[in-house]
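Got the viewer open? Let's take a short walk, one selection at a time.

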Amino acid sequence: MKILLATQKPFSPVAVNQLKEIAGAEHELIIFEKYKEQSDLEKAVEQADALIVRSDKVTANVVNAASNLKIVVRAGAGYDNVDLQACSDRNIVVMNTPGQNSNAVAELSLALMLYLARNTFSSGTGSELRGKKLGIHAYGNVGRLVAALAGGFGMKVSAFDPFISDDVLEKDGVTPVKSVSELYSGNDIVSINIPAIPSTVKSINKDILDGLKEHAMLINTARKEVINEMDLLDAMRKHPSIKYGTDVMPDCHEKMKEFGSRYFSTPKKMGAETEEANINAAVAAMNQIVDYFKTGNEKYRVNS
Ligand code: 3PG
């Protein structure tokens, strides 16, 4: 089978070499990195039986250009970049590789907390994480790891996740919180770890942001779409001690610069940019494809 690895943001060479090994003689791995235009991807995918992507946009045009395509694997967690309906309409299986890059993202969340707590290493007295109250917005693969790391820093951790029972949280030493607004108003730092799905897009809005404590810090390693950016700008103007650290540059990045060291965005999404996460996610994606062709295993399927 022809397996196209299409990554605008390439995996590390070590990860790509491992993919070549897994493909072996049975499959042909075609490497298509750092492409510029969607039309380039539409051309590259024409002969592919399988597609591995990161945040690359698998639009209906891409899907329709790929007449042999049987499976798309998003090597990572969030699959908001894949047009699931277009894939389902063609009976193309879509999978992700949950958990494979979560530790890298969780570590970056802590790095952003430290960086903002120390005023982006600019002048002025910073603060420590120890003893601070941390609220985790969604206790999934990343949220859990953020909680564990924060425990090591001596933070008091709580979480809101309507899909996780209180028992699970309490077993991890995490206090369950009953509502999103309670999570945001009751903590010094909030770590945003929700996926971008229709019910979460722009869900962190004025009602929630107005409840933030003075000196609160928001850390977003999820997706920019989950925050209402106009409301965020307003909240940061109204409350001159609130800080925002993000791994997903907001559309209002230029305006956010007015907040100086209260705001930081990585220039490019860096959460999953570790050798370990690259290897884990890429290898899992490849193994899932090989297994799907061999046995029909659809364990990580996300479309219907
Ligand atoms: C994910 O959803 O897995 C992360 O946001 C990482 O995305 P990336 O592969 O584009 O770095």
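Start by picking I192 and N220: the two are bridge partners, with N220 sitting in β10. This is a predicted model, by the way. Now widen the selection to the strands themselves. Strand β9 covers residues 189–192, and its pairing with β10 is parallel, over four bridges.

Next, show the side chains of β10, residues 217–220. M217 and I219 head one way, L218 and N220 go the other, and every one of these side chains belongs to a buried residue. That's the usual pattern: in a regular strand, side chains alternate between the two faces of the sheet.

Stay on I219 and look across to β11, where G245 stands opposite. Select residues 243–246 to get all of β11; four bridges tie this strand to β10, again in parallel. How do you get from β10 to β11? Colour helix α10 (residues 229–238) and follow the chain: β10, α10 and β11 form a β-α-β unit, and it is right-handed.

Time to zoom out. Colour the chain by its domain assignment: domain 1 is 2–100 + 273–295, and domain 2 is 102–265. Their C-alpha centres are 30 Å apart. At the boundary, eight residues of domain 1 touch five of domain 2, and about 470 Å² is buried between the two domains, 43% of it on carbon and sulfur atoms. Select D80, G99 and T274 here: together they provide 64% of the area domain 1 buries against domain 2, more than any other three residues.

Last stop: how many salt bridges are there between domain 1 and domain 2? The count is one. Keep D80 selected and add R223 to see a salt bridge between their side chains, at 3.2 Å from N to O.

Methods:
Residues numbered from 1 in each chain as written. Predicted model: local features only at pLDDT ≥ 70, side-chain atom pairs only at ≥ 80, totals over all residues. Heavy atoms only, no water. Buried < 20%, exposed > 50% of the residue type's maximum accessible area, 1.4 Å probe, protein only. Pairing = 2+ DSSP bridges. Right-handed = clockwise from strand over helix to strand, strands pointing away. Domains from an automatic or database assignment. Contact = heavy atoms within 4.5 Å. Buried area = accessible area lost by both parts, 1.4 Å probe. Salt bridge = Lys/Arg side-chain N within 4 Å of Asp/Glu carboxyl O.
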